[in-house]
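Visitor: Hi! I'd like a friendly tour of this protein. Could you show it to me?

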Amino acid sequence: MAVLSSLRRTPSALLTNPVLFVPVLIVMLFQVPQLALQSINPFLSSIVSLGFSLVFIAVMPFFQGGVIGMADEALHGRTTLQTFIDDGKSNYVSILVAYLALMAINFVLGMIAFFVAILGGVFLFQSGGLQSANIAVLAVIGVIVAIVLLMYLLLIFFVQFYGQAIVLEDLDVVDGFKRSISVVRLHLVSTLGYSLIGAVIGGLAGIVFGAASILMSPQSTTAFHLPEPSLPIIAGMGLVVLVGGTLFGGFFAVYSVSFYRAITQ
């Protein structure tokens, strides 16, 4: 099965090519200070986080293309940082356009769900609470929000390999999306298994990052009666996030490419 064979190939590729962790480590080095700033100045942390988000929109397509190229090489032997630079540069425009297109679609879907939910809240408030007729209207609103959420999940599910298609098969943006949709459609069960494993691993990483954020946030320590974040706690949590994020990023990069290769060859 592609899911299990890809999992088996991933650790050996990483052990043979630890250099693959370097780009991920660099990205994480820019993420950790944002967490540390929460314990010093939450408002400044929000401003810095917004600034980095804007920078990452421009940087992540280069990173994504470069890491996919390195992961593919790592699965077949040795890779170098030169591959990261070359594939990042050669695929930057295509991945950036695809990235922005997905952001735009997600924004539109999010706004639809948001405004429908707001209208539901306003309707409930003005009508004076829950009544039989109001419940029916709210049920319709709930169905609309659920449909929008389902559309979002299906979109992410079917186009999740656009980056691999663009980098590994030298496709343009439109063909990259089409290729991802076609591959997923032909391997629905395997892709679902792959996505579930990714969700579990990502969930575990999210728990670690969330716990670190709570421990380093003054508001959270007050709300949960936790001790004030000291320098050792901040340094320790920062190290955990740095190491955990680097390991997760490197692992998932190779795993995603290994799985894509397994279902397209």
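Guide: Let's talk through the fold, the pockets, the core and one helix. Keep in mind that this is a predicted model.

Visitor: Okay, how many helices and strands are there?

Guide: The protein has 11 helices and zero strands. Going along the sequence, the pattern is α-α-α-α-α-α-α-α-α-α-α.

Visitor: And how much of the protein is buried?

Guide: Of the 265 residues in the protein, 36% are buried. As for contacts between residues at least 6 apart in sequence, 73% join residues at least 24 apart.

Visitor: Let's switch to pockets. What's the volume of the largest pocket?

Guide: Its volume is about 1,400 Å³. The lining is made up of 36 residues, and Met60, Gln64, Gln160, Phe248 and Phe252 are the ones nearest the centre of the pocket.

Visitor: Which helices supply at least two residues of that lining?

Guide: They are helix 2 (21–38), helix 3 (42–74), helix 5 (92–126), helix 6 (132–159), helix 7 (162–169), helix 9 (188–215) and helix 11 (231–264). Helix 9 gives the most, with eight residues.

Visitor: What classes of residue are in the lining of the largest pocket?

Guide: There are 25 nonpolar and 11 polar residues in that lining, and no charged ones.

Visitor: How about the second largest pocket, what's its space?

Guide: The second largest pocket holds about 160 Å³ of space. Its lining includes Pro23, Ile26, Phe30, Phe52 and Phe84. By class, the lining of this pocket has 11 nonpolar residues, with no polar and no charged ones.

Visitor: Which helix gives the most to that second lining?

Guide: That's helix 3, with six residues. Helix 2 and helix 3 each supply at least two residues there.

Visitor: New topic: the largest nonpolar core. Which of its residues touch the most other members?

Guide: The core has 45 residues, and Leu20, Tyr162, Phe177, Val254 and Phe259 touch the most other members. Several helices each supply at least two residues of this core, including helix 1 (2–16) and helix 8 (173–186). Helix 11 gives the most to the core, with nine residues.

Visitor: You mentioned Phe259. What does Phe259 touch?

Guide: Leaving out residues up to four places away in sequence, Phe259 touches Ala2, Val3, Ser6, Phe161, Ser190, Thr191 and Tyr194.

Visitor: Can we zoom in on one helix? Which residues of helix 4 are buried?

Guide: Helix 4 covers residues 81–90, and its buried residues are Thr83, Phe84 and Gly88. Seen down the axis of helix 4, these buried residues fall within an arc of 125°, so they line one face of the helix.

Visitor: Why would residues a few places apart point the same way?

Guide: An α-helix has 3.6 residues a turn, so residues three or four places apart point the same way.

Visitor: Neat. Which residues are exposed on the other side of helix 4?

Guide: Lys89 and Ser90 are exposed there.

Visitor: Back to Thr83. Why does Thr83 count as buried?

Guide: Thr83 has a relative accessible area of 10%, and buried means under 20%, so Thr83 counts as buried.

Visitor: And what is Thr83 in contact with?

Guide: Setting aside neighbours within four places in sequence, Thr83 is in contact with Gly69, Met70, Glu73 and Gly88. Gly88 is also one of the buried residues of helix 4.

Visitor: Thanks, that helps a lot!

Conventions:
Residues numbered from 1 in each chain as written. Predicted model: local features only at pLDDT ≥ 70, side-chain atom pairs only at ≥ 80, totals over all residues. Heavy atoms only, no water. 1 Å grid on protein atoms, 1.4 Å probe; cavity = no way out; pocket = protein on both sides within 12 Å on 5 of 7 lines; lining within 4 Å. Points joined across faces, edges and corners; volume = space filled by probe spheres on them. Helix = DSSP H or I, 4+ residues; strand = E, 2+ residues; numbered from the N terminus. Nonpolar A, V, L, I, M, F, W, Y, C, P; charged D, E, K, R; others polar. Core = buried A, V, L, I, M, F, W, Y, C linked by side-chain atoms within 4.5 Å. Buried < 20%, exposed > 50% of the residue type's maximum accessible area, 1.4 Å probe, protein only. Contact = heavy atoms within 4.5 Å. Arc of directions from axis to C-beta.
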